[in-house]
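Let's take a walk through a protein together. Keep the picture in view and look up each residue as we come to it.

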Amino acid sequence: MKQILIINGPNLNLLGRREPDIYGNRSFVDYLKTLEAQFPDLQLRYFQSNHEGELLDKIHELGFTVDGIVINAGALTHTSIALADALSAITAPAVEVHISNVHARESFRHHSYLSAKCKGVIVGLGLKGYELAIRFLVMNDER
Ligand code: DQA
């Protein structure tokens, strides 16, 4: 069974309550149930932390064994060279996801340290972006 690791960074534990006009009304834990129903043949591992070091530890722990990583590092996307280095270090392919269209927001959200370390980036498609990232990671085609 293929394993996909979903990593959410700071403040994403507040999805559903946090700025619903930008991030919607649904908690990630609730959305995860939808993902599990959509992908019954996958083992989805979910990790959220507000602490950069914990995110690094999880990438180190699972980044050599899972089949892919979906990462929304929240604001650490725009600041963390350490997370970029961790994505370079591991063997699993990663896809970066942002719920909001970061390019339509403040300019400090336009740069990501992670994008260059990922296969691709999905922004602005809401929670659907996680589903699309998983579909890409489990495709059997050449990529
Ligand atoms: C976000 C965009 C980031 O700029 C922001 O800091 C977040 C959420 C998104 O999913 O749209 O926390 O990653």
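Start with Y23, which is buried, since its relative accessible area is 9% and anything under 20% counts as buried. Keep in mind as we go that this is a predicted model. You'll find Y23 in helix 1, which covers residues 20-23. Skipping residues up to four places away in sequence, Y23 touches L15, R18, I99, S100 and R105.

Why begin there? The UniProt record, an unreviewed entry, marks Y23 and H98 with the feature "active site". Those two span 76 residues in sequence, yet their C-alpha atoms are no more than 9.7 Å apart, so they gather at one spot. Both Y23 and H98 also belong to the lining of the largest pocket.

Now hop over to H98. This residue lies in strand 4, residues 94-98. Is H98 buried or exposed? With a relative accessibility of 6%, H98 counts as buried. Leave aside the neighbours within four places in sequence, and H98 is in contact with N72, T77, I122, V123, G124 and L125.

One of those contacts, N72, is our next stop. N72 sits in strand 3, which runs over residues 68-72. At 3% relative accessibility, N72 is buried too. Its contacts beyond four places in sequence are I7, N8, G9, L12, V97, H98, I99 and Y130.

N72 also brings us to a second label from UniProt. The unreviewed entry gives the annotation "binding site" to N72, H78, D85, I99, S100 and R109. These residues are spread over 38 residues of sequence, and they are spread in space as well, with up to 24.3 Å between C-alpha atoms. Which of them help line the largest pocket? The lining takes in N72, H78, I99, S100 and R109. You may recall that I99 and S100 are among the residues that Y23 touches.

Let's zoom in on two members of that set, H78 and R109. H78 lies in the loop between strand 3 and helix 4, the helix at 81-89. R109 lies in another stretch of loop, between strand 4 and strand 5, the strand at 120-123. H78 is buried at 15% relative accessibility, and R109 is buried with a relative accessible area of 17%. Both values fall under the 20% cut-off for buried. Apart from its neighbours in sequence up to four places away, H78 touches V102, F108, R109, H111 and Y113. Look from the other side, again leaving out neighbours within four places, and R109 is in contact with H78 and V102. The R109 side chain also has a polar contact of 2.7 Å with the side chain of E106.

To finish, step back and look at a pair of helices. Helix 2 takes in residues 28-38 and helix 5 takes in residues 128-138. How do their axes cross? They come within 10 Å and cross at roughly 35 degrees, and the crossing is right-handed. From helix 2, the contact is made by F28, Y31, L35 and Q38. Helix 5 brings K128, Y130, E131 and I134 to that contact. You've met one of these residues before: Y130 is also among the contacts of N72.

Key
Residues are numbered from 1 along each chain as its sequence is written. This is a predicted model: local features need pLDDT of at least 70, side-chain atom pairs count only at pLDDT 80 or more; totals for chains, interfaces and linings use all residues. Side-chain values use heavy atoms; hydrogens and water are left out. UniProt positions are given in the numbering used here, feature names are shortened, and annotations may be inferred rather than shown by experiment. On a 1 Å grid over the protein atoms alone, a cavity is a set of points where a 1.4 Å probe fits but cannot get out, and a pocket is an open set with protein on both sides within 12 Å along at least five of seven lines; lining residues have an atom within 4 Å of a point. Helices (H or I, at least four residues) and strands (E, at least two) are DSSP runs, numbered from the N terminus. Buried means under 20% relative accessible area, exposed over 50%, partly exposed in between (1.4 Å probe, protein chains only). Contact means heavy atoms within 4.5 Å. A polar contact is a pair of N or O atoms within 3.5 Å; within protein, one must be able to donate a hydrogen and the other to accept it, and residues adjacent in sequence count only if both atoms are side-chain atoms. Axes are lines fitted to C-alpha atoms, for helices over the stretch in contact, and angles run from 0 to 180 degrees between N-to-C directions. A crossing is left-handed if the near helix is turned anticlockwise from the far one by less than a right angle, and right-handed if clockwise.
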